Amino acid sequence: MKTMNGFLLLSTIAFAVFHLVQAQSQSGFISLDCGLIPKDTTYTEQITNITYISDADYIDSGLTERISDSYKSQLQQQTWTLRSFPEGQRNCYNFNLKANLKYLIRGTFVYGNYDGLNQMPKFDLHIGPNKWTSVILEGIANATIFEIIHVLTQDRLQVCLVKTGLTTPFISSLELRPLNNDTYVTQGGSLMSFARIYFPKTAYFLRYSDDLYDRVWVPFSQNETVSLSTNLPVDTSSNSYNVPQNVANSAIIPAEATHPLNIWWDLQNINARSYVYLHFAEIQNLKANDIREFNITYNGGQVWESSIRPHNLSITTISSPTALSSSDGFFNFTFTMTTTSTLPPLINALEKTYGLSKKISWQGDPCSPQIYRWEGLNCLYLDSDQPLITSLNLRTSRLTGIITHDISNLIQLRELDLSDNDLSGEIPDFLADMKMLTLVNLKGNPKLNLTVPDSIKHRINNKSLKLIIDENQSSEKHGIKFPLVAILASVAGVIALLAIFTICVIFKREKQGSGEAPTRVNTEIRSSYQSIETKDRKFTYSEILKMTNNFERVLGKGGYGRVYYGKLDDTEVAVKMLFHSSAEQDYKHFKAEETAVDMF
């Protein structure tokens, strides 16, 4: 089997003649012809029967362009126009959708020498703050298509084109297709489509309306195999993948019945985590004593699935329970008859994807814009241009090595989750010096020395810090016992406390002359770095940190916040900070407390 480079394979789709059947509903589809004008224009593409609209309502930047007329005849209509972005490093499409839904997102790029420069651009494509892929074009009139399967973490989605050099980013069409949430399940992160192939006797590309999800199926054939097909209907509704009928009714078997069937591909990325989805249906009329049963192994005999018997005229989908890895990015799947089988192995279709790790691809500002902050973070927003990180969740991120001291630079960090990794070394005592830190989760790091430093024990004992580690490992190996606190952590990250700072600074002055009353200054902080207006002077947030020595000493705790000791010049001050779960109500109570203080 030839190496199936995902880019080259999918780039041929624009030249395909798509097979048509009766149109199905396009409910939930968003099909944008980028650069289409006027903005209220709509049309139905003649080959796919998909209705396209202008992208103008989804983006506020960019220029509308048209490819050279000489290339239009070989391309579908949605690629005739495009939107380019000569200004700004990052330009984004914005969609109002629904959190926790799964979407197939497809970007198509046809340069078509729209600018007359004959210079192919290179740029990046992002989902929110996270890199999706680098867009590298092959040929002026070639269509380059990228697909990603993505679960929305919020009610909004942002697809961004990011300038990485001197050339200008552009996009021809952008399509979103809702998927069944029970399909394409991974251990985390999004899935980049590598190839989606089937094995027809007559080669043609499939997408909508054959496929109700508008997935693109590429015909594939290889030497030493024989194609099978049936005119009988195949039940494709037996699972949630809803494989198209014209995919399910064809298959391949080895040309030599006793030989194994081999399918291989090269991801050309040794770090990629591959997810494979295989679709099977028995489409031959078996005799009474016929048995088709086979095993699947990969990469030198690793067992993937055993004793598979495809169901008669009904699709079964078998997928990777966990991500597969390869030291060189190469994958070889072998289908072998069992000893009881009388017929060779069979396969109807195959989908190959690889996982994208969001945490590895963190890009740009970690907290801004707020709705697209990095996954695993929570931030403190106080109408400031520079919000602060308050929680960091790196659970199950395949981290190795020691816990770096750089974490201590996150001076507002309250919750740190490093659980279920492969960390080693000691539990660092600098964690005890992070005065805002209230929760550390180190559970599930078997190589980590769980000896707890005395400084951390002290904070645990005074209940200012909760440390979660493996209790059995701790007690058995190190003889240490201290309170362990169980928490419920979601994959999306620990929900951090968001804070509004309200500071009541009371200057203590000795009475001067004839019984002069102490001077009071009430101060409200609305921004982390914004100046604080008072009756007498201004304080910056950095001055407040210096005043309290990074909130080092706690004087007390009220119903709605802690009070910290501070010094302003030679004057002792009290600084109160509000934490809240229901901001508006707690803030009102807090203001009432402040008013009461003012009365003294």
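Let me begin at helix α4, where the buried residues of the helix pack against α3 (430-433) and against strand β33. Please keep in mind throughout that what we are looking at is a predicted model. Helix α4 covers residues 454-461, and its buried residues are I456, R459 and I460. When one looks down the axis of α4, these buried residues fall within an arc of 105°, so they line one face of the helix. The other side of α4 carries D454, H458 and N461, which are exposed. Just after the helix comes K463, which takes a positive phi of about 65°.

Strand β33, which I mentioned as a packing partner of α4, brings us to the sheet it belongs to. That sheet is an open one of five strands with mixed pairing, and its order is β25-β26-β28-β31-β33. Its edges are formed by β25 (377-380) and β33 (466-468), each of which pairs on one side only. From one strand to the next, the twist averages 15°. Within this sheet, β28 (residues 415-417) and β31 (residues 439-441) are paired in the parallel sense, over three bridges, and D417 has N441 in β31 as its bridge partner.

Now to a different strand, β7, which spans residues 102-109. How many of the residues of β7 are buried? Eight of the eight are, so the strand is largely enclosed by the rest of the structure. Both of its faces are covered, with K102, L104, R106 and T108 buried on one side, and Y103, I105, G107 and F109 buried on the other. As for its pairing, β7 is joined by eight bridges to β10 (residues 144-151), the two running antiparallel, and in that pairing Y103 stands opposite H150. With β13 (residues 173-179), β7 shares seven bridges, and these two strands also run antiparallel; here T108 has S173 as its bridge partner.

One of the residues on the covered faces of β7, R106, leads us on to the charged pairs. Side chains of opposite charge can pair when their charged atoms come close. In this model the count comes to 18 salt bridges, and R106 takes part in a network of them that also links E147, E175, R177, R196, R207, D214 and E351. Within that network, the side chains of R196 and E351 meet in a salt bridge at 2.9 Å, taken from N to O. R196 lies in strand β14 (residues 190-198) and E351 in strand β24 (residues 349-356), so this pair ties together parts that are 155 residues apart in sequence. Both R196 and E351 are buried.

Let me set two further salt bridges beside that one. The side chains of D57 and K39 meet at 2.9 Å, again from N to O, and they link distant parts of the chain, with D57 in the loop between β3 (51-54) and β4 (63-66), K39 in the loop between β1 (30-33) and β2 (42-44), and the two positions 18 residues apart. Is D57 buried or exposed? At 56% relative accessibility, D57 counts as exposed, because the cut-off for that class is over 50%. The other salt bridge joins K131 and D124, whose closest N and O atoms are 3.9 Å apart. In this pair K131 counts as partly exposed, at 30% relative accessibility, while D124, at 12%, counts as buried.

I would like to finish with two individual buried residues. H126 is found in strand β8 (residues 122-127), and with a relative accessibility of 3% it counts as buried. What does the side chain of H126 make a polar contact with? Its partner is the side chain of R90, at 3.2 Å.

The second residue is I252, which is found in strand β17 (residues 250-254) and counts as buried at 2% relative accessibility. Leaving aside neighbours within four places in sequence, I252 is in contact with F199, T225, V226, S227, L261, P345, L346 and I347. The C-alpha atom of I252 is separated by 8.7 Å from that of S229, a residue 23 positions away along the chain.

Conventions. Residues numbered from 1 in each chain as written. Predicted model: local features only at pLDDT ≥ 70, side-chain atom pairs only at ≥ 80, totals over all residues. Heavy atoms only, no water. Pairing = 2+ DSSP bridges. Helix = DSSP H or I, 4+ residues; strand = E, 2+ residues; numbered from the N terminus. Axes fitted to C-alpha atoms, helices over the stretch in contact; angles between N-to-C directions. Buried < 20%, exposed > 50% of the residue type's maximum accessible area, 1.4 Å probe, protein only. Polar contact = N/O pair within 3.5 Å; in protein donor to acceptor, adjacent residues only side chain to side chain. Arc of directions from axis to C-beta. Contact = heavy atoms within 4.5 Å. Salt bridge = Lys/Arg side-chain N within 4 Å of Asp/Glu carboxyl O.
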